[in-house]
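Reader: I'd like to go through this one with you, beginning with how the chains meet and then moving to the annotated sites. Could you set out the terms as you go?

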2 protein chains.
Amino acid sequence: MDKPIGVIDSGLGGLTVAKEIMRQLPKEEIVYIGDSARCPYGPRDPEDVRRFTWEMINRLLKEQMKMLVIACNTAAAVVLEEVKRELAIPVIGVVHPGAISALKVTKRDHVAVIGTAGTISSGAYEKALKAINSEVKVDSLACPPFVPLVERGVFSGDEAVRTVDQALTPLDEKGFDTLILGCTHYPLLREVIRERVGPDIELISSGDETAREVSSLLYHKNLLYVDDRQPQHHFYTTGDAKRFKRLADQWMEIDVGHVETIQLGE
Amino acid sequence: MDKPIGVIDSGLGGLTVAKEIMRQLPKEEIVYIGDSARCPYGPRDPEDVRRFTWEMINRLLKEQMKMLVIACNTAAAVVLEEVKRELAIPVIGVVHPGAISALKVTKRDHVAVIGTAGTISSGAYEKALKAINSEVKVDSLACPPFVPLVERGVFSGDEAVRTVDQALTPLDEKGFDTLILGCTHYPLLREVIRERVGPDIELISSGDETAREVSSLLYHKNLLYVDDRQPQHHFYTTGDAKRFKRLADQWMEIDVGHVETIQLGE
């Protein structure tokens, strides 16, 4: 099946998902849209998030794709179920793969989730976790400063350490053994977060788990690309293509190739 | 969706999968058949494996189930694709979940697989791994003494250490970073295997990964049981029910409840 996998995100964060798909499924092609011009989605009204997300999806549907990954937790929390109902292709959000992996690794049935204000206030992770295991204890915390930090390219150093330290204080002494990085930007701060929470907490990154889920579903639907090829990925942004490419290359440590600016909405 | 998940195995090994399903999906009910009377399947003719597996499936279809897990690597390697085509419900084998998890964790694209003679000679893991990533290097090794050892309840001690030590010698110096326990009996020998291969090798257990895949697919198909309940599991064996129950309780460290002996075939 030679159509690409569509990946959409509010900006650069979804690249952590795209990178993992490229690593775990090296024959698959990706077409990516990052809505950097309107990033972050986290603090926005859900109706705006819904409209922006559909604009990206409708753009991708013109190019054809065999599967859609909503690589933005905020967008997935708001529109995943609706998109799943409307589209004939398989649709994967980043919330559920992270939730089921957390249930796999937690030993004391006690999980914490950090994410944007939009994701946390939607309660999407808590719902996904409790739907599967009503006994699981969930601590949720919004970390609004993280996405702007990452979009500025600040992944380490004093400012990152200070920001993470302050933001995570409410989780101190909560007693969870597993922490879901419930935003695809957060893996870029992984080392700083790891340092802050200590070595004993399992960190669940939406990107890794979502890529694994993409692999599973492509297999179960007989949609894997099985022959050999050098895949041609396509990256689009609603923002500045040069800046997107520079940060993408820096983050992904691979050449993402040509990046094109597109217009969405009016 | 209140139907149970069907789990079939050549004997006791599939209990490692059932246990993980019960842990990761505590609301779901399981109906299990272990064909202990004809265990092990590993050295058998594929046509016999095929017939025995269908006998278990046909027995479960009478009870109704919402999903089928072929928790025996040997059986999955032989009949999974055929069963997937024939049944209207989702069918999961243990080969593919292990393979995609190995591709997720391997850092040097070099994986080793141990399994029964039947599983290894089928090449099922190698095919599943290479279908997704042609570049991955795969070392495969059959370990025929492991299943009889485990079925006798020997998971540790001198005999287990000696058997594992000798069996794994051909893998020495191969250079893989990830080892798939490609038989659901093998997690019972996990500690001995871990000791033998050292702390730097990632061990992939089919049971954990298959349970995670069950969770994913139930979610994507809208088949999760979402209300609260105390699930009632059912365990059947073609062998001695008392012996099955004793070993199952010992392995799973939970009470599996009533175990019933059933007849399959003529």
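Author: Let me begin with a definition: a salt bridge is a side-chain nitrogen of Lys or Arg within 4 Å of a carboxyl oxygen of Asp or Glu. This is a predicted model, in which local features need pLDDT of at least 70 and side-chain atom pairs count only at pLDDT 80 or more, while totals for chains, interfaces and linings use all residues. Residues are numbered from 1 along each chain as its sequence is written, chains are lettered from A and ligands numbered from 1 in the order in which they are written, and side-chain values use heavy atoms, with hydrogens and water left out.

Reader: Fine, so how many salt bridges are there between chain B and chain A?

Author: The count between the two chains is 6 salt bridges. One pairs the side chains of A:R212 and B:E213, with 3.5 Å from N to O.

Reader: And which element gives the largest share of the side of chain B that touches chain A?

Author: That is α10(B), with 9 residues; helices (H or I, at least four residues) and strands (E, at least two) are DSSP runs, numbered from the N terminus.

Reader: How much area do chain B and chain A bury between them?

Author: They bury about 3,100 Å², 46% of it on carbon and sulfur atoms, where buried area is the accessible area (1.4 Å probe) that two parts lose on being put together, summed over both. The contact (heavy atoms within 4.5 Å) takes 36 residues from chain B and 36 residues from chain A.

Reader: What rotation superposes chain B on chain A?

Author: A rotation of 180° with 0.0 Å of shift along its axis does it, at an RMSD of 0.0 Å, when the copies are superposed by least squares on the C-alpha atoms of residues with pLDDT of at least 70 in both. That is the relation of a two-fold axis. Of the interface residues of chain B, 100% are also interface residues in chain A, so the copies meet through the same surface.

Reader: Changing topic, which residues does the UniProt "active site" annotation cover?

Author: The unreviewed UniProt entry gives A:C72 and A:C183; positions are in the numbering used here, feature names are shortened, and annotations may be inferred rather than shown by experiment. They span 112 residues in sequence, yet no two of their C-alpha atoms are more than 6.8 Å apart, so they gather at one spot.

Reader: Where does A:C72 lie?

Author: A:C72 is in the loop between β3 (67-70) and α3 (73-86) of chain A.
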